[in-house]
Every structure is written in C-alpha cells, then in structure tokens.
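Below are my notes on the model, set out as numbered points. Please read them with the coordinates open.

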Amino acid sequence: MNEETKKQRKPFNVKLFYRRTCLIVYDIISVILASYMALIMRYGFEMSEIPDHFVDPINRFLPLNIIITLIILYLFRMYNSLWAFAGETELQNLVMASVLSSILQAVGIQFFRTPGQQAVPGSYYFLYMFLLISCIFASRFSYRFFRSLKHKKQNKKNSISVMVIGAGEAANIIIKEIVNSNFSTMVIRCIIDDDRGKWGRFIQGIKVVGGRDRIIECADI
C-alpha cells in the first residue's frame, strides 16, 4: 500500500461506530416494542383478550420486519444524519421511513397467516405506525433537545440580552437561528413591531411587546 492510498483512507471512527450501533440496537427494540404494544393497546391492555391467531403471524414476521425496517431506516439516512442539527428534512425522512415500514409490515403479515385465519385488525397497523414514529423520533430528536439544553445552560452565564425590531418573516428566521443555536450567547427578551395586530403574540416563544415607541422602555426588560 503506497503513501497516497494511506492518506486517502479515513481513520476508523470509534465514537461514530458506537453511536450507530446504539441506534441500531434501539431501533430493533423499537420494532419489537411497537409490534406487541400496538396489539396490547388495541385490546385495551387486556392481555388475556388478545387472540393467539393475531399474535402468531406477528411473531413469524417479526425477524423479517426488523431487517426490513433497518434497511429502510438506513436508506432514509437515519444512521448518517447529524442529529444535533436535525430539522424538517430529517423529520420528514423519519416519518416517511416509518410509514413505509408500517405498510410493508401490513403486507408482510398477510403472507405469514395460516390459510383461513382471521386477519389482524386494521387498527393495529395504525397503532404500530404511531408507536414506531414515536420511538424513532424520541431517539433522534431527544439527543438534539438535551444537547441544546446543555449548551444553553453553559452559555447562560455570559448571555447578552437582545431586542428584535420587526416581527415579519426575516425576523422569524433570525429569531429561529438564535433560539436554536447551541453556540449563541444571545438571549432575545422581546420583539418590537408597529403592527398592532401582532402585539401580545409570540414568535418562537418570544413576545411582541409593542411598537417602536416602547423601544426605550423595553430595553430594560
């Protein structure tokens, strides 16, 4: 192996490998949990009321369901995204991956039913989809949420109070960037806008306190 090839090879990232492995294990648990919890919820948490002929096809399809779901999640970049900066695109991918997995599960279970066996209730599949989305969402976006809280707590000691003038689309973008930033030490205290229809309302949790005549007054907030 020549020197140029060695330079081109990326070093093995242990931390990234560990994170992906944890996500895969979590997703396997999520599929298993969603598969059975959906049925338990369908029957009002009365385990004794669940017919065996509904559980059997779910059990048979479960190993294949896990593999299919992991492949779908991989294709939708659920193991490659930077979740610290996750936004609408990642959320859309998460929902679409979960919906596709749920559809394939609904189709796949039919092939594992015994001929003449009663079909699994349709409500089960909607509950499964809801639970799968919830579990995957929790694993991905909770990381961003807690990381953001950690950074904001660290930056709070040296925070700078800021007043935003204007409550339009441009202001919304600026406020969103400041509020969601893990590195900004700015804290927006209030918003000023001359449009009376916006007074008392909120943008990204920040209140529009009044017009430009209140700038000096609100500077002490």
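1. The side chains of Arg212 and Asp194 meet in a salt bridge, with N and O 2.7 Å apart. This model is a predicted one, and the pair links distant parts of the chain, since Arg212 sits in the loop between strand E4 (206–210) and helix H7 (215–218), while Asp194 belongs to the loop between strand E2 (186–192) and strand E3 (202–203), 18 residues apart from its partner. Arg212 counts as exposed at 61% relative accessibility, whereas Asp194, at 41%, counts as partly exposed.

2. The structure holds three salt bridges, and another of them joins the side chains of Glu217 and Arg214, with an N to O distance of 2.9 Å. Arg214 has a relative accessible area of 26% and is therefore partly exposed.

3. The remaining pair is formed by Asp27 and Arg140, whose closest N and O atoms are 2.8 Å apart. Asp27 lies in helix H2 and Arg140 in helix H5 (residues 122–156), so this salt bridge ties together parts that are 113 residues apart in sequence. Are these two residues buried or exposed? Asp27 is buried, because its relative accessibility of 1% falls under the 20% cut-off, and Arg140 is likewise buried, with a relative accessible area of 1%.

4. Helix H2 (residues 14–42) also packs against helix H3 (residues 52–75), at an angle of about 145 degrees and with the two axes 10 Å apart. The crossing of these helices is right-handed. On the H2 side the contact is made by Ile24, Asp27, Ile28, Val31, Ile32, Ser35, Tyr36 and Leu39, and on the H3 side the contributing residues include Phe54, Val55, Ile58, Asn59, Leu62 and Asn65. Sorted by class, the contact comprises 13 nonpolar, four polar and one charged residues. Asp27 thus appears both in this helix contact and in the salt bridge with Arg140, and a reader inspecting that region may wish to view the two together.

5. What is the strand order of the open sheet? Its four strands follow the order E1-E2-E4-E3, with mixed pairing. Strand E1 (160–165) and E3 stand at the edges, each with a single partner strand, so one side of each is left without a neighbour in the sheet.

6. Within that sheet, E2 and E4 run parallel and are joined by two bridges. As for individual residues, Ile191 has Val208 of E4 as its bridge partner.

Key
Residues numbered from 1 in each chain as written. Predicted model: local features only at pLDDT ≥ 70, side-chain atom pairs only at ≥ 80, totals over all residues. Heavy atoms only, no water. Axes fitted to C-alpha atoms, helices over the stretch in contact; angles between N-to-C directions. Left-handed = near helix turned anticlockwise from the far one by under 90°. Contact = heavy atoms within 4.5 Å. Nonpolar A, V, L, I, M, F, W, Y, C, P; charged D, E, K, R; others polar. Salt bridge = Lys/Arg side-chain N within 4 Å of Asp/Glu carboxyl O. Buried < 20%, exposed > 50% of the residue type's maximum accessible area, 1.4 Å probe, protein only. Pairing = 2+ DSSP bridges.
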